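I opened my notebook to go through this structure step by step. Here is what I looked up, in the order I did it.

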Amino acid sequence: MINIEPDPLNTTQALIHSFFQLYPGEAAGLLNKLPADEILRLLQAEPIYRAAHILIRLNPDIAVELLNMMDDAYFVRLFE
């Protein structure tokens, strides 16, 4: 019998992706409490449409900080 242990990192990522997809407003509320560089890292790991849905729900001051941190190509993809 093959015993395959679940990968905790993949499980965590799957939970984050699902939470972001199902509850973007709640996700934004939690993200507002994180450092901006961590928020940007998490958003960039999501499909662009999901990242945009969360970005527009963030605290405006944090959203502006993130926009200033983004490279131009990512910014354009978010707002296409």
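My entries begin with the whole chain and then move to single residues.

**Entry 1: the whole chain**

I noted before anything else that this is a predicted model. I then asked how many helices and strands the secondary structure comes to. I found 6 helices and 0 strands, so I wrote the pattern along the sequence as α-α-α-α-α-α.

For the dimensions I took the C-alpha trace, which spans about 55 × 25 × 20 Å along its principal axes. The chain has 80 residues, and 29% of them are buried. I also looked at contacts with a sequence separation of 6 or more: 56% of them are between residues 24 or more positions apart.

**Entry 2: how H3 meets H5**

Next I turned to a pair of packed helices. Two such helices are described by the angle between their axes and the distance between the axes. I looked up both for helix H3 (residues 36-44) and helix H5 (residues 60-69): the angle is about 70° and the axes are 10 Å apart. Angles from 65 to 115 degrees count as roughly perpendicular, so I entered H3 as roughly perpendicular to H5.

Which residues make the contact? From H3 I listed Ala-36, Asp-37, Ile-39, Leu-40 and Leu-43. From H5 I listed Ile-62, Glu-65, Leu-66 and Met-69. Sorted by type, the residues of this contact are 7 nonpolar, no polar and 2 charged.

**Entry 3: two residues of H3**

I picked Ile-39 and Asp-37 from that list for a further look, as both are in the contact.

Is Ile-39, in helix H3, buried or exposed? Its relative accessible area is 0%, and under 20% counts as buried, so I put Ile-39 down as buried. Leaving out residues up to four places away in sequence, Ile-39 touches Leu-31, Leu-34, Leu-58, Ile-62 and Leu-66. Ile-62 and Leu-66 were already on my H5 list. I also checked Ile-39 against Val-64: the two are 25 residues apart in sequence and 12 Å apart in space, C-alpha to C-alpha.

Asp-37 is also found in helix H3. Its relative accessibility is 51%, and exposed means over 50%, so Asp-37 goes down as exposed. I looked up its C-alpha distance to Leu-66, which is 29 residues away along the chain, and got 7.8 Å.

**Entry 4: Glu-46 and Arg-50**

Where is Glu-46? I found Glu-46 in the loop between H3 and helix H4 (48-55). At 6% relative accessibility, Glu-46 counts as buried. What joins the side chains of Glu-46 and His-17? I noted a polar contact of 2.4 Å between them. Not counting residues up to four places away in sequence, Glu-46 touches Ile-16, His-17, Phe-20 and Ala-51.

I then moved on to Arg-50, which lies in helix H4. Arg-50 is buried too, with a relative accessible area of 8%. With neighbours within four places in sequence set aside, Arg-50 is in contact with His-17, Phe-20 and Gln-21. I underlined His-17 and Phe-20, as they are on the contact lists of both Glu-46 and Arg-50.

**Entry 5: aromatic pairs**

How many aromatic pairs are there? My count came to 2.

One is Phe-19 with Tyr-23: the ring centres are 5.7 Å apart and the planes are at 45°, so I recorded the pair as tilted. Phe-19 is partly exposed at a relative accessible area of 28%, and Tyr-23 is partly exposed at 42%. I placed Phe-19 in helix H1 (residues 8-22). Apart from residues up to four places away in sequence, Phe-19 touches Pro-24, Glu-26, Ala-27 and Leu-30.

Then I looked up Phe-75 with Phe-79: their rings are 5.0 Å apart centre to centre, with 45° between the planes, and this pair is tilted as well. Phe-75 is partly exposed, with a relative accessible area of 37%. Phe-79 is partly exposed at 46%.

Conventions
Residues are numbered from 1 along each chain as its sequence is written. Side-chain values use heavy atoms; hydrogens and water are left out. Axes are lines fitted to C-alpha atoms, for helices over the stretch in contact, and angles run from 0 to 180 degrees between N-to-C directions. Helices (H or I, at least four residues) and strands (E, at least two) are DSSP runs, numbered from the N terminus. Angles under 35 degrees count as roughly parallel, over 145 as roughly antiparallel, 65 to 115 as roughly perpendicular and the rest as oblique. Contact means heavy atoms within 4.5 Å. Ala, Val, Leu, Ile, Met, Phe, Trp, Tyr, Cys and Pro count as nonpolar, Asp, Glu, Lys and Arg as charged, and the others, Gly among them, as polar. Rings of Phe, Tyr and Trp (its six-membered ring) pair if their centres lie within 6.5 Å; planes under 30 degrees apart count as stacked, over 60 as edge-to-face and the rest as tilted. Buried means under 20% relative accessible area, exposed over 50%, partly exposed in between (1.4 Å probe, protein chains only). A polar contact is a pair of N or O atoms within 3.5 Å; within protein, one must be able to donate a hydrogen and the other to accept it, and residues adjacent in sequence count only if both atoms are side-chain atoms.
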